[in-house]
Amino acid sequence: MRIHLFIPCFVDQLMPHMGVAMVRVLEKLGHTLVYPERQTCCGQPPFNSGFSDEARAVAAHQLTCFEKAEVVVGPSGSCVAMMKVFYPQLFAGTPQEAAAQALADKTYEFSQFLVDRLGVTDVGATFQGKVTIHDGCHGLRELRIKRQPRELLRHVRGLELVEMGEAETCCGFGGAFAVKMPQLSTAMVEVKARSILATGAQAVVSCDPSCLMQIGGYLKRQGHAIRCLHVAEVLAS
């Protein structure tokens, strides 16, 4: 399959290794990858802050970048949810409504694409250690991603998956929320961190890099050596 890569701006700038890991897995499965260099932010920051016109201007550019794609795959449940769920709402009643829906229909989060579109649950990965998993809010609630990463992790040789009690609890990032409400955001990630530590896991895995950035930042500042890994990084090992 010819796959167009959607790499969110913060992955490109702060966590490129997560995008690279996704590429390695997809190439290992024999697919041809295309990276449209004109792509930019999906428009989620202004959209979540109530600036729909500004978000629409950014999103309109994305529509042109992926117009000819057969399928679009991204490593972020949050950003994929923006394109797959909120673009049709953002462009409803506009001349670009059909284009927004067409892009939504062919866009997938990475684990969702492997399991639901390709029917792949075992990529031949090996990872020694105990891990727990965090369900990002957008992936869980907007894309219904829960089963897919767990099926993939259960087929990784040497990996022990242990569920935390607060797997579905928000980590407190929420984009601009963490900036506007830093005390509340910190209190929320503290709850998440305690739940992670209680599992005894050496790593926490998620389908959303922004959540991993929030959780990892807190754990590091508290002196904990727990690794924060994107599911693609585990599958690429």
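Okay, let's start in the sheet: His4 stands opposite Val72 in β3. Before I go on, remember that this is a predicted model.

So, that contact belongs to a strand pairing. β1, residues 2–5, and β3 pair in the parallel sense, over three bridges. On to the other neighbour: β3 is also joined to β4, residues 107–109, by three bridges, and those two run parallel as well. Val72 turns up again here, standing opposite Thr107 in β4.

Now, what about the faces of β3, buried or exposed? Both are covered: in this strand, residues 71–74, Val71 and Val73 are buried on one side, and Val72 and Gly74 are buried on the other.

Okay, pockets. The largest one has a volume of about 450 Å³. It has 26 lining residues, and the closest to its centre are Gln44, Ser78, Phe173, Gly174 and Gly175. Which helices feed that lining? At least two residues each come from α1 (9–14), α3 (44–48), α5 (77–90), α8 (137–141), α10 (176–180) and α12 (209–221). If you care about chemistry, the pocket lining splits into 15 nonpolar, nine polar and two charged residues.

There's an enclosed space too. The count is one cavity of 30 Å³ or more, and about 90 Å³ of space lies in it. Among the residues lining this cavity are Glu109, His134, Asp135, Cys207 and Asp208. β5 (126–134) and α8 each give the cavity lining at least two residues. By class, that lining has five nonpolar, four polar and three charged residues. Notice that α8 has now come up twice, with at least two residues in the pocket lining and at least two in the cavity lining.

Last bit, the rings. How many aromatic pairs are there? Four. One of them is Phe6 with Phe66, edge-to-face, 6.2 Å centre to centre with 80 degrees between the planes. That pair links distant parts of the chain: Phe6 is in the loop between β1 and α1, Phe66 is in the loop between α4 (52–65) and β3, and they're 60 residues apart. Both of these Phe residues are buried.

Another is Tyr87 with Phe91, again edge-to-face, at 6.1 Å centre to centre and 80 degrees between the planes. Tyr87 and Phe91 are both buried.

And one for the cation people: Lys84 puts its charged end over the ring of Tyr108, 4.8 Å from the ring centre.

That's what I've got, thanks.

Notes
Residues are numbered from 1 along each chain as its sequence is written. This is a predicted model: local features need pLDDT of at least 70, side-chain atom pairs count only at pLDDT 80 or more; totals for chains, interfaces and linings use all residues. Side-chain values use heavy atoms; hydrogens and water are left out. Buried means under 20% relative accessible area, exposed over 50%, partly exposed in between (1.4 Å probe, protein chains only). Helices (H or I, at least four residues) and strands (E, at least two) are DSSP runs, numbered from the N terminus. Two strands pair if DSSP finds at least two bridges between them. On a 1 Å grid over the protein atoms alone, a cavity is a set of points where a 1.4 Å probe fits but cannot get out, and a pocket is an open set with protein on both sides within 12 Å along at least five of seven lines; lining residues have an atom within 4 Å of a point. Grid points are joined across faces, edges and corners, and a volume is the space filled by probe spheres set on the points. Ala, Val, Leu, Ile, Met, Phe, Trp, Tyr, Cys and Pro count as nonpolar, Asp, Glu, Lys and Arg as charged, and the others, Gly among them, as polar. Rings of Phe, Tyr and Trp (its six-membered ring) pair if their centres lie within 6.5 Å; planes under 30 degrees apart count as stacked, over 60 as edge-to-face and the rest as tilted. A charge sits over a ring if NZ of Lys or CZ of Arg is within 6 Å of the ring centre and within 35 degrees of the ring normal.
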